Amino acid sequence: MEKRVPGESTRTQQMATTATTLLSVGDVVLIQDDNSPHSMWSMGRVTEVVTDKLGCVRAMVLRTAMGVLRRLIYRLVTLLQYGQKSEL
């Protein structure tokens, strides 16, 4: 039988809340790929947020030049948040 750590669900909910505030629909992200150097990672735009049964954010649906992908939030790096002006 698996033992649960007290407060485990609270930590999960906090992580999900943090992920939700960090990434949202419209954000431009880099998609991490362990088999490629950073300069070769694909870029995409978040089109949908995927949650689990508890409402925790687990993945994002992305639109890229190669099509539509679904990736875990831990594999995404935010480049530009929706509504944020670029300083370039």
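## Strand pairing, core and salt bridges

Q: Which residue in β4 is the bridge partner of A59?
A: This is a predicted model. Strands β3 and β4 run antiparallel, joined by 6 bridges. In β4, A59 has as its bridge partner L72.

Q: How many residues lie between β3 and β4 in their hairpin?
A: The two strands run antiparallel. They form a hairpin. The number of residues between them is 2.

Q: What pattern does the protein chain follow along the sequence?
A: The chain has 1 helix and 5 strands. The helix comes ahead of the strands when the sequence is read along. The pattern is α-β-β-β-β-β.

Q: What is the order of strands in the open sheet?
A: The sheet has 5 strands with antiparallel pairing. From one strand to the next, the twist averages 45 degrees. The order is β4-β3-β2-β1-β5.

Q: Which strands stand at the edges of the sheet?
A: An edge strand here has a single partner, so one of its sides is left without a neighbour in the sheet. This holds for residues 67–72 and for residues 76–80. The edge strands are β4 and β5.

Q: How many bridges join β2 to β3?
A: β2 covers residues 42–51 and β3 covers residues 57–64. In this antiparallel pair, G44 stands opposite T64, and V46 stands opposite L62. The bridge count is 7.

Q: Which residue in the turn between β2 and β3 has a positive phi?
A: β2 and β3 form a hairpin with 5 residues between them. One residue in that turn has a phi of about 90 degrees. That residue is G55.

Q: How many residues of β3 are buried?
A: Buried means under 20% relative accessible area. β3 is largely enclosed by the rest of the structure, because most of its 8 residues meet that cut-off. The buried count is 6.

Q: Which strand supplies the largest share of the largest nonpolar core?
A: The core holds 9 residues: L23, V29, I31, V46, V57, M60, L62, I73 and L76. At least two of them come from β1 (28–31), and at least two from β3. The largest share, 3 residues, comes from β3.

Q: Which residues does L62 touch, leaving out those up to four places away in sequence?
A: L62 belongs to the largest nonpolar core. Its contacts include the core members V29, I31, V46 and L76. The full list is V29, I31, R45, V46, T47, G67, V68, L69, R71 and L76.

Q: How many residues apart are D34 and R75?
A: Side chains of opposite charge can pair when their charged atoms come close. D34 and R75 form a salt bridge, with the closest N and O atoms 3.0 Å apart. D34 sits in the loop between β1 and β2, and R75 in the loop between β4 and β5. Their separation along the chain is 41 residues.

Q: Is D34 buried or exposed?
A: Exposed means over 50% relative accessible area. D34 has 60%. Its partner R75, at 33%, is partly exposed. D34 is therefore exposed.

Q: Which residue meets D52 in a salt bridge?
A: The count of salt bridges comes to 2. D52 is partly exposed at 24% relative accessibility. The N to O distance to its partner is 3.0 Å. That partner, partly exposed at 31%, is R58.

Q: What share of the chain's exposed area do carbon and sulfur atoms supply?
A: Of the 88 residues, 25% count as buried. The chain exposes about 6900 Å². The carbon and sulfur share of that area is 55%.

How values were computed
Residues numbered from 1 in each chain as written. Predicted model: local features only at pLDDT ≥ 70, side-chain atom pairs only at ≥ 80, totals over all residues. Heavy atoms only, no water. Helix = DSSP H or I, 4+ residues; strand = E, 2+ residues; numbered from the N terminus. Buried < 20%, exposed > 50% of the residue type's maximum accessible area, 1.4 Å probe, protein only. Areas by Shrake-Rupley, 256 points an atom, 1.4 Å probe, with all protein chains shown as cover. Pairing = 2+ DSSP bridges. Axes fitted to C-alpha atoms, helices over the stretch in contact; angles between N-to-C directions. Core = buried A, V, L, I, M, F, W, Y, C linked by side-chain atoms within 4.5 Å. Contact = heavy atoms within 4.5 Å. Salt bridge = Lys/Arg side-chain N within 4 Å of Asp/Glu carboxyl O.
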